[in-house]
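Me: Please take a close look at the nonpolar core of this model, and tell me what surrounds it and how far the prediction can be trusted there.

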Amino acid sequence: MALSAEEQGHLRAILLLFFPESRADFESAELNERTLDLTERFLVEVDRCSRTLQKFLADVAGGLTRGFLRRALRKLGQDAVRRDGYLIGTIACTNQGKALYKRPILESVIA
């Protein structure tokens, strides 16, 4: 089923939010079901990573109340080293998702 012009407009707005550097690729392209599916997978991956980070901080620091970092510094530092820096923030989660999905999303559009 093809995306309507309205659906393409909304999907384009989402893509431009996350991939502003690819504006020229998305502005005139025809977005399709594959683009929609890949964008959905990208958003799920970013959400999964972000939730993992939130759980990690809640488990280690008991939540993000003022002063949490000082109380949890040792544990956070040890865990960060042990986990090889995997959980370094929501920006990292977005970048991880972009690294996995940007090329397939770009390849899915019809120029």
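Reply: The answer below starts with the basis of the model, then turns to the core and ends with the chain around it.

This is a predicted model, in which local features need pLDDT (the predictor's confidence in each residue, from 0 to 100) of at least 70, side-chain atom pairs count only at pLDDT 80 or more, and totals for chains, interfaces and linings use all residues. Residues are numbered from 1 along each chain as its sequence is written, and side-chain values use heavy atoms, with hydrogens and water left out.

The largest nonpolar core has 14 residues, and those with the most contacts inside it are Leu15, Phe19, Phe26, Leu31, Phe42 and Ile105. Two or more residues of this core come from each of helix H1 (5-18), helix H3 (33-61) and helix H5 (90-108). Such a core is a set of buried Ala, Val, Leu, Ile, Met, Phe, Trp, Tyr and Cys residues joined through side-chain atoms within 4.5 Å, where buried means under 20% relative accessible area with a 1.4 Å probe, protein chains only. Leaving aside residues up to four places away in sequence, Phe42 is in contact (heavy atoms within 4.5 Å) with Phe18, Phe19, Thr94, Gly97, Lys98, Tyr101 and Ile105.

As for the chain around the core, there are 5 helices and 0 strands, these being DSSP runs (H or I, at least four residues, for helices; E, at least two, for strands), numbered from the N terminus. Of the 111 residues, 36% count as buried. The mean pLDDT of the chain is 79, with 70% of its residues reaching 70 or more; confidence is highest in H1, at a mean of 90, and lowest in helix H4 (residues 68-82), at 62.

Methods:
Buried means under 20% relative accessible area, exposed over 50%, partly exposed in between (1.4 Å probe, protein chains only).
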